[in-house]
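Biologist: Before we go into any detail, could you take me through how one reads features of this kind, beginning with a single element and then moving outwards?

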Amino acid sequence: MLKTQSLYSSLSIVRLVAAFIAGASTALSFAPYEIWAIFPLALSFALWQSQTLTAKQSLYYWLSFGFGCFAIGISWVHVSIDTFGGMPIFVSITLMAILAMYLAIYPAVAGYLLSKLSRTPKYTLNPYFTYLGLFPALWVLTEWLRGWVFTGFPWIWAGYSQTLGPLSELASFIGALGLSFIVALVAGSLILLTQKRIFPVLVILPILALSAWAAPLLNPISTSGKTVKVALVQGNIPQSMKWEPDALWPTMLKYMDMTREQFDDASSVDIVIWPEAAIPAPEAMVEDFLMDVSKVASINNTAIVTGIISHQQQDFFNSLIVLGNYHQKHQQSADYIGDGTNQFKKHHLLPIGEFVPFASLLRPIAPFFNLPMSSFQRGDYTQPNLVALGYHIAPAICYEIAFPEQVRASVTDETDMLLTVSNDAWFGASNGPLQHMEIAQMRAIEMGKPLLRGTNNGITAVVDPHGRITDAIPQFEAGVLVTNIQLFQGQTWFRKIGQLPLLILCGLLVLLGVIDYLRK
């Protein structure tokens, strides 16, 4: 009883509610709001409130902060569960709460370890190391773990809050997780300011401002002088119809008709992009259609990249294939080979949506665990670039674009552009597709390559290597985005070194904290 009273003596309900609200406010840092300053301010508020708590109290406090962050920040997941999962509203909200609580464990662990390692009854760690070293390191390592454990969910990392902020260009050197470190570092500086330690703010903020100004100047990428004309086709097929057998041919013909209009121009496009599963059927069912499309594309000096369901023996894959001209323009009536070459098979599958863990137990429970096409196999982690009209394209299908190291593994010295295709119709008019777009913009900055994003109902867009959307089609409209893409040469520092140096640094900082704790 005394222990329980001790736990709640400093950890009041009011403080837990304040933690939840602070966490919930971080949703405003991400798309579509993009108020980038809120995340470091929310973190600094949470640090300020938790600085007098014990380690156990900090665990509950940061769990409440994390629950607010994810319950609001990824509330859009509820749309797919409720609308397409066939579950009662109470069950869908419960599942969302369980997911948010699981994700909240990671910031809770960071807060617990910060308190545990920095304070004992007899000793308090140097506050400069606590807030400028240990806290950013713990925050980054727990975010990284969240993006890895159980196949990973690296959504709304703190670094993504800076995608359109003044620090965004630094991602070409340190990546999204590096920006997370900086966000936590700024939060630590602000908490020290409340302790009348102004030196960190006077030093760190000017250094960050100077770095943000210098980053574009020091970025080793430059224009190559080459351009490619692309057309991204947004079919806007209702999700309720997409996998209906009767809708297969109308869907395919709609994409072909929208594409054929681009061949009437005197200077037809070089590459046409159709979105994820634009052809919602296995290759074997639509061989004649693929043959015809490949011939039309070849005759018009064009390559068409499309999502499709590919298969090998009894295994099915969420794939991208290239129809028409592979290596160069040639007006020949080329058949589609369909032998698995020049094809990309999705590796990082979406749990429940594309594979069901413990399928024999979960599938009988509810329709939610039997969504269409939820039994895919994985492709290889590293696969060759797609080649379309001689251009090398590093692809990522839907969820995969959220994994920076996987995208980095796909980019080679020959890569001309990044491509991500998706079908975000599962999430309606929620913030999910907008956050997905934001993540794709960060990959463009990290890799220093233009990025094409083709979707079923939005956001279909083109992003330059600085993360800026240069062209886009409005959501929930059928349309074709035609634009000339400027190509770039050179490699960003993040493309060269990846996340490993940052993770090693964070690991060493935590190790110093552990060593100091053990010496007490």
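Biologist: How many residues does helix 15 have, and what distance does helix 15 reach from its first C-alpha to its last?

Modeller: Bear in mind throughout that this is a predicted model. A helix can be checked by setting its span against the one expected at 1.5 Å a residue, and helix 15 (residues 432-447), with 16 residues, reaches 23 Å from its first C-alpha to its last, close to the expected 22 Å. Just after helix 15 comes G448, which takes a positive phi of about 65 degrees.

Biologist: Is helix 15 mostly covered or mostly open?

Modeller: An α-helix has 3.6 residues a turn, so residues three or four places apart point the same way. In the present case helix 15 is mostly covered, with 16 of its 16 residues buried.

Biologist: Which strands does helix 15 lie across?

Modeller: Helix 15 lies across strand 11, strand 12, strand 13 and strand 14, and runs at about 160 degrees to strand 12.

Biologist: What is the order of the strands in the open sheet?

Modeller: The order of a sheet is read from one strand to its pairing neighbour, and here the six strands follow the order 9-10-11-12-13-14, with mixed pairing. Strand 9 and strand 14 (469-473) are the edge strands, each of them pairing on one side only. On average, neighbouring strands of this sheet are turned by 25 degrees against each other, if direction is ignored.

Biologist: Where in this sheet can I see both senses of pairing, and which strands run antiparallel or parallel to strand 10?

Modeller: Strand 9 (residues 386-388) and strand 10 run antiparallel and are joined by three bridges, whereas strand 10 and strand 11 (residues 417-422) run parallel and are joined by five. To follow the register, take V387, whose bridge partner in strand 10 is H392, and then I397, which stands opposite V421 in strand 11. Another antiparallel pair is formed by strand 12 (residues 451-455) and strand 13 (residues 460-463), over three bridges, with A461 in strand 13 as the bridge partner of R453.

Biologist: How are strand 9 and strand 10 connected, and how does the chain pass from strand 10 to strand 11?

Modeller: Strand 9 and strand 10 form a hairpin with two residues between the strands, in which L389 takes a positive phi near 60 degrees. Strand 10, helix 14 (residues 404-410) and strand 11, by contrast, make a right-handed β-α-β unit.

Biologist: Which residues of strand 10 point one way, and which point the other way?

Modeller: Y391, I393, P395 and I397 point one way, while H392, A394 and A396 point the other way, and all of these are buried. Strand 10 (residues 391-397) is accordingly mostly covered, with seven of its seven residues buried.

Biologist: Why does H347 count as buried?

Modeller: The cut-off for buried is under 20% relative accessible area, and H347 counts as buried because its relative accessibility is 17%. H347 lies in the loop between strand 8 (343-345) and helix 13 (359-362). Apart from its neighbours within four places in sequence, H347 is in contact with R378, G379, D380, Y381, E400 and Q406.

Biologist: How many residues does the largest nonpolar core have?

Modeller: The largest nonpolar core has 91 residues, and L43, W62, F65, I74, W139 and W155 are those with the most contacts inside it. Helix 8 (residues 171-194) supplies the largest share of this core, 13 residues. A second, separate core of 52 residues includes I237, V286, I473 and I485.

Key
Residues are numbered from 1 along each chain as its sequence is written. This is a predicted model: local features need pLDDT of at least 70, side-chain atom pairs count only at pLDDT 80 or more; totals for chains, interfaces and linings use all residues. Side-chain values use heavy atoms; hydrogens and water are left out. Buried means under 20% relative accessible area, exposed over 50%, partly exposed in between (1.4 Å probe, protein chains only). Helices (H or I, at least four residues) and strands (E, at least two) are DSSP runs, numbered from the N terminus. Two strands pair if DSSP finds at least two bridges between them. A crossover is right-handed if, with the strands pointing away from the viewer, the path from the first strand over the helix to the second runs clockwise. Contact means heavy atoms within 4.5 Å. The expected span of a helix is 1.5 Å times one less than its number of residues. Axes are lines fitted to C-alpha atoms, for helices over the stretch in contact, and angles run from 0 to 180 degrees between N-to-C directions. A nonpolar core is a set of buried Ala, Val, Leu, Ile, Met, Phe, Trp, Tyr and Cys residues joined through side-chain atoms within 4.5 Å.
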